[in-house]
Amino acid sequence: MRNNIYKKIYKIIKKYPIIVIARHIGADPDALGSQLALKKIIQNKFPNKEVYAIGNPSSRFKFMGALDKVEEIDYNQTLLIVLDTPDIKRIDGVNLENYNNIIKIDHHPFIENYANIELINENSSSTCQLILEFIFANHLKIDKSIAELLYIGIVSDTDRFMHGYTSVKTFELVAKMLKKTNINFISLYEPLYMRPIAEIRFQGYIYENLEITDNKVAYIKIEEDLLKEYNVDSASAGNIISELKCINEILVWIFLTEDKKNNLIRANIRSRGPIINDIASIYGGGGHKYASGARLISWAQADNLLKDLDNLTKEYLEKNG
Ligand code: AMP
């Protein structure tokens with residue numbers, strides 16, 4: 001059944017001479033890996049097509065490959081493919097009105113319909129996994145560079161195959177890809193996980209200063225002065241948040257980081273029990289059941305978010321012990 005939609009998407013790609021591939025703001029390895037891999041897949045199969053992978057680059061993941069700028073293109077001849085993005089406000093660098101044919105491929109819970117074809121599989125570990133399925137469903141060539149990008153995206157989004165959406169299918173697809181391409185996947189961990197010592201010291205600060213409520217909610221408020229003191233940026237907390245997954249006293253944890261340049265407070269929220277994305281969406285954010293985020297406008301709003309998450313976790317504990 002799902003194979004049909006992959007075949008349908010392939011047929012549409014075949015028809016268009018120009019293809020723009022976009023993804024969400026705040027590029028991460030799954031978004032970048034799926035985007036850059038899909039670009040290579042299309043270029044390998046159709047060398048005469050113009051294919052652009054667009055959006056703001058990420059300095060941390062620039063080892064994955066370069067992004068393109070779209071200059072003058074004929075939009076009537078262009079297909080837009082948006083990866084890993086459930087809603088319009090999170091699409092990076094695209095005016096949807098320019099396009100009359102749009103395909104969405106995503107593994108986030110559904111938020112809104114903005115494409116002509118919407119391939120959404122919430123149970124997929126990652127968008128890179130969906131791209132792998134697309135490749136195999138259409139018997140497309142997968143070379144080493146494509147496999148490396150997809151492997152990085154899958155490993156990163158599943159946090160090394162630990163998250164709940166990692167499935168037998170994830171392993172089957174990855175194993176098939178590794179057998180076909182024989183990539184040195186061990187060599188990919190170093191560029192993905194290398195971090196500056198400043199960030200490790202900042203991580204130490206977070207561990208020392210986490211507040212934990214009676215309801216097993218851990219949080220920390222990180223003001224810009226602290227980021228300066230530790231010589232890290234406002235995205236650093238996002239690189240550390242997953243490290244708190246296996247702590248007895250914590251069920252839900254939140255990092256609140258001031259980003260003065262953009263006049264907001266970033267919330268990274270994780271859970272190993274209560275479903276948090278509904279609360280994140282009340283604050284204009286969203287994400288997955290156990291991994292969500294939001295951009296807040298003030299510390300007062302951040303306090304309200306903390307209160308809501310604390311109540312949610314309290315209710316969860318009352319029900320589940
Ligand atoms: P992060 O904590 O930034 O790693 O985000 C965790 C998850 O929440 C990811 O799946 C993001 O797509 C989603 N997310 C993060 N920030 C937002 C936001 N402002 N709005 C909607 N979803 C978000």
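How many residues surround the ligand, and which are the closest? In this predicted model, 14 residues do the job, and the closest are Arg90, His108, Asn268, Arg270 and Gly286. The close-ups below start there and then move on to other parts of the chain.

**Figure 1. The shell around the ligand.** Three strands, β9 (264-271), β10 (286-287) and β11 (291-296), each put at least two residues into this shell. The top contributor is β11, which gives 5 residues. Sorted by character, the shell holds 8 polar, 4 charged and 2 nonpolar residues. Arg90, His108, Asn268, Arg270 and Gly286 are the names to look for first, as they are the closest to the ligand.

**Figure 2. Polar partners of the ligand's oxygen atoms.** Two histidines are worth picking out here. A polar atom in the side chain of His108 sits 3.2 Å from an oxygen atom of the ligand. For His288, an N or O atom of the side chain is 3.4 Å from a ligand oxygen. Gly293 joins in through its backbone: a polar atom there lies 3.2 Å from an oxygen atom of the ligand. On its own the ligand has 480 Å² of accessible area, and the protein covers 79% of that.

**Figure 3. An open sheet with mixed pairing.** Following the sheet across, you pass 6 strands in the order β6-β7-β8-β9-β11-β10. At the edges are β6 (211-212) and β10, each of which pairs on one side only. Remember β10 and β11 from the ligand view: along with β9, each supplies at least two residues of the shell.

**Figure 4. Strand β8 and its two neighbours.** β8 covers residues 252-259, and 8 of its 8 residues are buried. Neither face is left open: Val252, Ile254, Leu256 and Glu258 are buried on one side, and Trp253, Phe255, Thr257 and Asp259 are buried on the other. Along one neighbour, β7 (residues 217-222), the pairing with β8 is parallel and runs over 6 bridges. To find your way along that pair, look for Tyr219 opposite Ile254 of β8, and for Ile220 with its bridge partner Phe255. With β9, the pairing of β8 is antiparallel, over 8 bridges. Thr257 has Arg266 of β9 as its bridge partner. The β8 and β9 hairpin has 4 residues between its strands, and Asn263 takes a positive phi near 55° there.

**Figure 5. Helix α3, covered from end to end.** How many of the residues in α3 (127-137) are buried? The count is 11 of 11. Among them are hydrophobic-looking names such as Leu130, Ile131 and Phe134, but also Gln129 and Glu133. The buried residues pack against a crowd of elements: helices α1 (2-15), α2 (29-45), α4 (144-157) and α5 (168-181), plus strands β3 (78-83) and β4 (102-106). At the N-terminal end, Ser126 acts as the cap, with a side-chain oxygen 3.1 Å from the backbone nitrogen of Gln129. Just past the helix, His139 adopts a positive phi of about 55°.

**Figure 6. Ile154 in helix α4.** Ile154 belongs to α4 and is buried, with a relative accessible area of 0%. Setting aside neighbours within four places in sequence, its contacts are Ser125, Ser126, Cys128, Gln129, Leu132, Phe161, Thr170 and Val174. Some of these should ring a bell: Cys128, Gln129 and Leu132 are among the buried residues of α3, and Ser126 is the residue that caps α3. For a sense of scale, Ile154 and Pro17 are 137 residues apart in sequence and 29 Å apart in space, C-alpha to C-alpha.

**Figure 7. Leu119 in strand β5.** Leu119 is part of β5 (residues 117-120). Is Leu119 buried or exposed? Leu119 counts as buried, because its relative accessible area is 1% and the cut-off for buried is under 20%. Beyond four places in sequence, Leu119 touches Arg2, Ile5, Tyr6, Ile9, Lys104, Ile105 and Asp106. Leu119 and Ile103 are 16 residues apart in sequence, with 7.7 Å between their C-alpha atoms.

**Figure 8. A buried lysine in helix α2.** Lys39 lies in α2. This lysine is buried, with a relative accessible area of 14%. Leaving out residues up to four places away in sequence, Lys39 touches Ile21, Val51, Ala53 and Asp68.

Notes. Residues are numbered from 1 along each chain as its sequence is written. This is a predicted model: local features need pLDDT of at least 70, side-chain atom pairs count only at pLDDT 80 or more; totals for chains, interfaces and linings use all residues. Side-chain values use heavy atoms; hydrogens and water are left out. A residue is near a molecule or strand if one of its heavy atoms lies within 4 Å of it. A polar contact is a pair of N or O atoms within 3.5 Å; within protein, one must be able to donate a hydrogen and the other to accept it, and residues adjacent in sequence count only if both atoms are side-chain atoms. Accessible areas come from the Shrake-Rupley method with a 1.4 Å probe; for residues, only the protein chains shown count as cover. Ala, Val, Leu, Ile, Met, Phe, Trp, Tyr, Cys and Pro count as nonpolar, Asp, Glu, Lys and Arg as charged, and the others, Gly among them, as polar. Buried means under 20% relative accessible area, exposed over 50%, partly exposed in between (1.4 Å probe, protein chains only). Contact means heavy atoms within 4.5 Å. Two strands pair if DSSP finds at least two bridges between them.
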